[in-house]
Amino acid sequence: MSQTIRLLPFAGADGATNMSADEAMLESAVGGVASLRFYTWTEPTLSLGYFQHTEERSANANLAGLPWVRRSTGGAAIVHHHELTYALALPPGKEWVSQEHWICRFHHVVQGVLKEHGVKTHAVVCGEEQKLGALVCFLHQTPGDLLLNGSKVAGSAQRKMRGAMLQHGSILLHRSEFAPQLPGVCDDAGAPKFAPEPLAQMLTEAFAIDTGWTIVPGKWTTEEQERTPAIRAEKYANRSWNEKR
């Protein structure tokens, strides 16, 4: 029997709202609702990994002045600017388990879509890890990440809650002036110029084929609409949360 996953509306929001919405998705997954969403950021934003120290921001003059938020997932800081972000929330249960790690699996879906449009990426495997700089996640190349001409263009992180999983990740489309050392998928001469929402549609279709799941367009529930601002106030827009480390 095919699993059914809800596709939430494409949207753009500030960092605190995006992270709160992802957490609301995870809470719903604990209750048995599987969800997928794609989104963008309404302003250039730095997200720190859950375990990163706040003072690391000040080490990079380009990043120190950006709006910022602390993620609930691990890893290093990400400059969210010219990118497409996805979030996948899956309930507990063996029917949602993948034999391939979900980060690698979703990245292979991304890799396949890019390849169909002439963009050939490389998925990092064990033994190829390298750290090319401090603070910024896309300078850390870890297994499952996608590289284009040696530069990281897709990375993801996970969080678990009572057996449910949240995975979210970034697909870098264009170089940001706040991280000029990181080219995006569209920056090569002759590269396709992906726009975030059409790319999200292509990835949704490819994800459905890869999993065999039924993807149904859906809306945020009333409870989620109430929980998102509540989580935002409690955590991601709360100075004590963001500066907790």
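Is Ala-89 buried or exposed? Ala-89 is buried, with a relative accessible area of 0%. This is a predicted model, and Ala-89 is a good place to enter it. The residue sits in strand β7, which covers residues 83–90. Leaving aside residues up to four places away in sequence, Ala-89 touches Met-25, Leu-26, Ala-29, Val-33, Ala-34, Ser-35, Met-165 and Leu-166. Arg-6 is 83 residues away from Ala-89 along the chain, yet their C-alpha atoms are separated by 9.7 Å.

Arg-6 leads on to the salt bridges. The whole structure holds nine of them. In one, the side chain of Arg-6 meets that of Glu-224, with N and O 2.7 Å apart. This pair links distant parts of the chain. Arg-6 belongs to strand β1 (residues 4–7), Glu-224 belongs to helix α5, and their positions lie 218 residues apart in the numbering. Arg-6 and Glu-224 are both buried.

Glu-224 also has a part in a helix pair. Helix α1 spans residues 15–30 and helix α5 spans residues 222–236. Two packed helices are described by the angle between their axes and the distance between the axes. Here the axes come within 8 Å and cross at roughly 125 degrees. Angles from 65 to 115 degrees count as roughly perpendicular, and those over 145 as roughly antiparallel. The helices α1 and α5 are therefore oblique to each other. Their crossing is right-handed.

Which residues of α1 and α5 make the contact? From α1 come Ala-16, Thr-17, Met-19, Ser-20, Ala-21, Glu-23, Ala-24, Glu-27 and Ser-28. From α5 come Glu-224, Arg-227, Thr-228, Ile-231, Arg-232, Lys-235 and Tyr-236. Sorted by class, this contact has six nonpolar, four polar and six charged residues.

Helix α1 has a further link, this time to a strand. Asp-22 of α1 forms a salt bridge with Arg-37, and their closest N and O atoms are 3.0 Å apart. Arg-37 lies in strand β3 (residues 35–41), 15 residues from Asp-22 in sequence. Both partners, Arg-37 and Asp-22, are buried.

Now turn to another helix pair, α3 and α4. A salt bridge joins them: the side chains of Asp-210 and Arg-105 meet at 2.7 Å, N to O. Asp-210 lies in helix α4 (residues 196–211) and Arg-105 in helix α3 (residues 102–116), so the bridge ties together parts that are 105 residues apart in sequence. How buried or exposed is Asp-210? Asp-210 is partly exposed, with a relative accessible area of 37%. Arg-105 has a relative accessible area of 18% and is buried, because the cut-off for buried is under 20%. Elsewhere, salt bridges that share partners join Glu-23, Arg-159 and Lys-235 into one network.

The axes of α3 and α4 come within 9 Å and cross at roughly 120 degrees. These helices are therefore oblique to each other. The crossing of α3 and α4 is right-handed. On the α3 side, the contact is made by Trp-102, Arg-105, Phe-106, Val-109, Val-110 and Val-113. On the α4 side, Leu-199, Met-202, Leu-203, Ala-206, Phe-207, Asp-210 and Thr-211 take part. How many residues of each class are in the contact of α3 with α4? There are ten nonpolar, one polar and two charged.

Methods. Residues numbered from 1 in each chain as written. Predicted model: local features only at pLDDT ≥ 70, side-chain atom pairs only at ≥ 80, totals over all residues. Heavy atoms only, no water. Axes fitted to C-alpha atoms, helices over the stretch in contact; angles between N-to-C directions. Helix = DSSP H or I, 4+ residues; strand = E, 2+ residues; numbered from the N terminus. Parallel < 35°, antiparallel > 145°, perpendicular 65-115°, else oblique. Left-handed = near helix turned anticlockwise from the far one by under 90°. Contact = heavy atoms within 4.5 Å. Nonpolar A, V, L, I, M, F, W, Y, C, P; charged D, E, K, R; others polar. Salt bridge = Lys/Arg side-chain N within 4 Å of Asp/Glu carboxyl O. Buried < 20%, exposed > 50% of the residue type's maximum accessible area, 1.4 Å probe, protein only.
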